[in-house]
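Please read this briefing alongside the sequence and the coordinates. The notes are grouped by topic.

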Amino acid sequence: MINHPALLSSVNFKILLPKPFLTYALTWGLLAVWLIPTSALAQKKDKRLKKGTITFTKQVLTKEFIAEGVAVGDVNKDGRIDVLAGAYWFEAPTWKKHEITQPEIFYYDKGYSNAFVSQTIDVNLDGWLDYVRIGFPGKEALWFENPKQKEGHWTAHTIHNTVGNESAGFFDVDGDGKPDLLGGNSTTGQMTWFKPPISPDNLTWQEVAISKEKGPGAEPFSHGLGLGDLNKDGRPDVMVKEGWWEAPVNPLQPGWTFHPANLGEACAQMHAYDFDQDGDQDVVASSAHALGIWWYEQTLNEQGTPQWNRHLISEAFTQTHGLAFTDINADGNPDLVTGKRYFAHMGKDPGEYEPPVLYWFEFKPGKNPTWVPHLIDTDSGVGVHVVTQDINQDNLIDIIVANKKGVFVFTQQRK
C-alpha cells in the first residue's frame, strides 16, 4: 500500500502523479455510469474545449453519512442540475438541502444506509424528474414521485421488493435511450431487468428475467455487474464476474443464453471496450473490497473459444467499489474514475484506514494500452457507484459521489 499525500490546503486540487503510481501505466475497456454506449464514449475530440492542466474544485454538500450513491437532475425545472442522495435533494447552485422522504440517522462505523445506487427518471411521464433509489442489497428499489414544487415529502412507490447485487443499477438494456433497472431478483435468484413505464396510465415496471433461478450475480451481496456488447453483434450483453448473458434480438425475451467466463473476483461496475484495438471487446473491473483494478483481454484459444487474460492497471489503493468510465479530458478516449470507498466494512477491509482517495486514470489506447493516474482528492473517495456528468453545463465532465464521508461535487476546470 502506498502512502498518499497529505490533505491539500485548498479545495482546488491539481492533478498529481505520486511516484509509486508512475509504474502503473499498464493495459486496459465499457459503459460508464451508467452505461453510455461505447459509440458515445469514443467521441471525437471536442476542439471547443480549452486546453491546459485539468483541476477539480471540491464542493462539500454535506458531511453527514446519508447514502452510498448519488443521482443528478433538474428537480425543480429551473435549468440547473441538482444533486439527490439518500433522503434529500440539494438545490443548485447553493446546494440548499430539501427532504424527499423522512431522514434516518446512519453511523459510518456501525452499519449502512438504506440508499445505495440512485438515478433520476421521469417515471410517470409527467415532464418532471422522479428519484429512483436502490436500497440495501437484497432489499427494495423505490421511486419517489416529484411533487412539482409542492411542499412535503415525495410519494414513494415500490419497483421491486428484493434487488440483489451491490452493483445493481441503471443501464439502457433495450437501447431506447432511457435507463432501465438491472439487478438480481433476490427472491428467485434470477438476473432481471425492469423497464420503466411507457404510459402514464400504467406505472408498472415490466420485469424481464434473463437467467434461470439461482443464477450467478443475483444474490444480495453479489459483486460485479455491467452492460456491454461482448460479441459485437450490436446488442448490449449483461456481464457478471462469472460470465455474460448474450442479448437476444428482442431484449424483452426472457432466458438469455449464458456464456461462462472468468472475469475475476468480487468487483464493482464492469465495462466493455476494445482497449488493445484488436477488434474484439475487452472488460475492465475493480476490486470492491480488496486490492486491484484490472482489464481482461479477450483472446481465442486453439479451439476458437474466447479466453480472458487479466492485466493489472493499479494496486495503489483498496476498495474501488465504484467505477465510472467516461472521457474526462475530451481527447476521444474513455477514461476511468474510481477511488476508495470509505469504511466499506467498518474497518475490516484491507487498507480501510488509509486516505479515502479519488482518482481518474487517463486512458491511452494501443496494442499495449496504458492508464496514467491523476489524484483528485484524499478526503472523499467513492461509494458504490460514481456519477460523471457536466453538472454546471460548461462542457467539462464533473464527478459526483456520496458515501460515508458525505456528498461531494468535483467540478472540472482547465488552467
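In this predicted model, Glu68 has a relative accessible area of 0% and is therefore buried, since the cut-off for that class is under 20%. Its salt-bridge partner is Arg341, with the two side chains meeting at 3.1 Å, N to O, and Arg341 also counts as buried because its relative accessibility is 1%.

**Salt bridges**

- Arg341 lies in the loop between β24 (335-339) and β25 (358-364), while Glu68 lies in the loop between β2 and β3 (71-73), so the pair ties together parts of the chain that are 273 residues apart in sequence.
- A search of the whole structure finds 13 salt bridges, and one of them is formed by the side chains of Lys58 and Asp377, at 3.1 Å from N to O.
- The Lys58 and Asp377 pair links distant parts of the chain, 319 residues apart, with Lys58 in strand β2 (residues 54-62) and Asp377 in strand β26 (residues 370-377); both of these residues are buried.
- A further salt bridge joins the side chains of Asp379 and Lys405 at 2.9 Å, N to O, and because Asp379 lies in the loop between β26 and β27 (387-389) and Lys405 in the loop between β28 (398-403) and β29 (406-414), the pair ties together parts that are 26 residues apart in sequence.
- Asp379 counts as partly exposed, at 24% relative accessibility, and Lys405 likewise counts as partly exposed, at 22%.
- Salt bridges that share partners also join Asp174, Asp176 and Lys195 into one network.
- As a general point, side chains of opposite charge can pair when their charged atoms come close.

**The sheet from β23 to β26**

- Four strands form an open sheet in the order β23-β24-β25-β26, and the pairing in this sheet is antiparallel.
- β23 (323-326) and β26 stand at the edges of the sheet, each with a single partner strand, so one side of each is left without a neighbour in the sheet.
- Neighbouring strands of the β23-β24-β25-β26 sheet are turned against each other by 25° on average, direction ignored.
- Within the sheet, β24 and β25 pair in the antiparallel sense over four bridges, and Thr338 stands opposite Tyr359 in β25.

**The sheet from β11 to β14**

- Another open sheet of four strands has the order β11-β12-β13-β14, with antiparallel pairing.
- The edge strands here are β11 (163-171) and β14 (206-209), each of which pairs on one side only.
- In the β11-β12-β13-β14 sheet, neighbouring strands are turned by 20° against each other on average, again with direction ignored.
- Strand β13 (residues 190-195) and β14 pair in the antiparallel sense over four bridges, and Thr192 stands opposite Ala209 in β14.
- As a general point about regular strands, the side chains alternate between the two faces of the sheet.

**Strand β9 and its partners**

- Strand β9 (residues 141-145) is largely enclosed by the rest of the structure, because four of its five residues are buried.
- Four bridges join strand β8 (residues 130-134) to β9, and these two strands run antiparallel; the bridge partner of Val132 in β9 is Trp143.
- β8 and β9 form a hairpin with six residues between them, and Gly138 in the turn has a positive phi of about 90°.
- Five bridges join β9 to strand β10 (residues 155-160), and this pair also runs antiparallel; the bridge partner of Phe144 in β10 is Ala156.

**Overall composition and confidence**

- The protein has one helix and 29 strands, and buried residues make up 59% of its 415 residues.
- The accessible surface of the protein comes to about 16,600 Å², of which 50% belongs to carbon and sulfur atoms.
- The mean pLDDT of the protein is 89, and 88% of its residues reach 70 or more.
- Over residues 1-44, however, pLDDT stays under 50, and for this stretch the model has 142 contacts beyond four places in sequence.
- Where pLDDT is low, the predicted coordinates should not be read in detail.

How values were computed. Residues are numbered from 1 along each chain as its sequence is written. This is a predicted model: local features need pLDDT of at least 70, side-chain atom pairs count only at pLDDT 80 or more; totals for chains, interfaces and linings use all residues. Side-chain values use heavy atoms; hydrogens and water are left out. Two strands pair if DSSP finds at least two bridges between them. Axes are lines fitted to C-alpha atoms, for helices over the stretch in contact, and angles run from 0 to 180 degrees between N-to-C directions. Buried means under 20% relative accessible area, exposed over 50%, partly exposed in between (1.4 Å probe, protein chains only). Accessible areas come from the Shrake-Rupley method with a 1.4 Å probe; for residues, only the protein chains shown count as cover. pLDDT is the predictor's confidence in each residue, from 0 to 100. Contact means heavy atoms within 4.5 Å. A salt bridge is a side-chain nitrogen of Lys or Arg within 4 Å of a carboxyl oxygen of Asp or Glu.
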